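Please look through the sequence and the three-dimensional structure shown below. The report that follows takes up confidence, charged pairs, one helix and a few single residues.

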Amino acid sequence: IWRLAQARAGRPVKFGTCCSQVMGLFLDIHTPKYTDHRQAIWDMAEAMNKELLALRDAGCRLIQIEEPTVHFWSNTYGAASDEVKFMVEAFNREVQGLDDVEVWIHTCWGNPNMQRVIENDSYAASFDLYLEALRGDVWTVEMTDRQFRDIDLFGRLKGRLPKKIAVGVVSHRTLQVDRPEDVAARIRRALEFISPEQLIVSSDCGFGRQGCNRDIAFFKTTAIAQGANIIRRELGLP
């Protein structure tokens, strides 16, 4: 928001990434103005879309949208339910017009005080929705803390996925810093099912929201880079 304000004021500012969460916010909204939660979600999607387009116009070239509600609700109501179909429509409304921006769709299974709070954390029900129905260029998936469950789902489309996949190769729920060798092993596991050209490596989720301290977050992040460099050497890449 500060960067957008600076840009609107005509002040020079460099930025390339913005992270946004809208569809899940309705869970925390309590207001007598709305009696229909769908209208609240849709109004937020339209309002946020205006802000995202303004960020694009100000120079932002990569925007990540935090959108785990689709997989939560797919596991609860079913991927073909009206509830889930509406959430997909609302997400696509939020990112409408961002065709010249790289849009990341972030998913995870929660991070309140680094706790696991979901029992059914499978991507199986929502897999096709994230790949095909939601507009975006990159889909981030939590994998390390889930022991890479569901990674095999990507195998049937290896080399021809409609989106790039950002795989979590360090956990956001453990305080033990990951070794680069462990990160490299996880990347090798991901490469069994996702081609190098379509694989991005990241953390399972962000380190904020009552997460680990900055030192641990820093060293986990450097482990990602070091582990990726091990694999780059093995693949003969720079």
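## Confidence and conventions

The protein chain has a mean pLDDT of 88, and 87% of its residues reach 70 or more; pLDDT is the predictor's confidence in each residue, on a scale from 0 to 100. This is a predicted model, in which local features need pLDDT of at least 70 and side-chain atom pairs count only at pLDDT 80 or more, while totals for chains, interfaces and linings use all residues. Residues are numbered from 1 along each chain as its sequence is written, and side-chain values use heavy atoms, with hydrogens and water left out.

Over residues 12-17 the pLDDT stays under 50, and for this stretch the model has 16 contacts beyond four places in sequence, a contact meaning heavy atoms within 4.5 Å. Where pLDDT is low, the predicted coordinates should not be read in detail.

## Salt bridges

The structure holds 16 salt bridges, each being a side-chain nitrogen of Lys or Arg within 4 Å of a carboxyl oxygen of Asp or Glu. Three of them are set out here, with the distance between the closest N and O atoms and the relative accessible area of each partner.

| Pair | Closest N and O atoms | Relative accessible area, first partner | Relative accessible area, second partner |
|---|---|---|---|
| Arginine 116 and aspartate 145 | 2.8 Å | Arginine 116: 57% | Aspartate 145: 7% |
| Arginine 146 and aspartate 150 | 2.7 Å | Arginine 146: 1% | Aspartate 150: 15% |
| Arginine 188 and glutamate 234 | 2.6 Å | Arginine 188: 36% | Glutamate 234: 47% |

In describing accessibility, buried means under 20% relative accessible area, exposed means over 50%, and partly exposed lies in between (1.4 Å probe, protein chains only).

Arginine 116 forms a salt bridge with aspartate 145. Arginine 116 lies in the loop between β3 (102-106) and α5 (127-133), and aspartate 145 lies in the loop between β4 (138-141) and β5 (164-168), so this pair ties together parts that are 29 residues apart in sequence. The helices (H or I, at least four residues) and strands (E, at least two) named here are DSSP runs, numbered from the N terminus. Arginine 116 is exposed, whereas aspartate 145 is buried.

In the salt bridge between arginine 146 and aspartate 150, arginine 146 is buried and aspartate 150 is buried as well.

Arginine 188 forms a salt bridge with glutamate 234. Arginine 188 lies in helix α6 (residues 180-191) and glutamate 234 in helix α7 (residues 214-235), so the pair ties together parts that are 46 residues apart in sequence. Arginine 188 is partly exposed, and glutamate 234 also counts as partly exposed. Elsewhere, salt bridges that share partners join Arg56, Asp57, Arg61 and Asp100 into one network.

## Helix α6

The 12 residues of α6 should span 16 Å at 1.5 Å a residue, and its end C-alpha atoms are 16 Å apart, which agrees; the expected span is 1.5 Å times one less than the number of residues. Which residues of α6 are buried? They are Val183, Ala184, Ile187, Ala190 and Leu191. Seen down the axis of α6, these buried residues fall within an arc of 115°, so they line one face of the helix, the arc being that of the directions from the helix axis to the C-beta atoms. What covers them includes β5, β6 (199-202) and α7.

## Single residues

Threonine 107 lies in the loop between β3 and α5 and, at 0% relative accessibility, counts as buried. Its side chain makes a polar contact with the side chain of tyrosine 123 at 3.1 Å and reaches the backbone oxygen of threonine 140 at 2.6 Å. A polar contact is a pair of N or O atoms within 3.5 Å; within protein, one must be able to donate a hydrogen and the other to accept it, and residues adjacent in sequence count only if both atoms are side-chain atoms. Not counting residues up to four places away in sequence, threonine 107 touches Glu67, His71 and Trp139, among others.

Isoleucine 63 lies in strand β2 (residues 62-66) and counts as buried at 0% relative accessibility. The C-alpha atoms of isoleucine 63 and tryptophan 104 are separated by 6.2 Å, although these residues are 41 residues apart along the chain.

Most residues other than glycine have a negative phi. Glutamine 147, which is not a glycine, has a positive phi of about 55°; glutamine 147 lies in the loop between β4 and β5 and is exposed at 57% relative accessibility. Aspartate 150 is not a glycine either and has a positive phi of about 80°, and its place is in the loop between β4 and β5.
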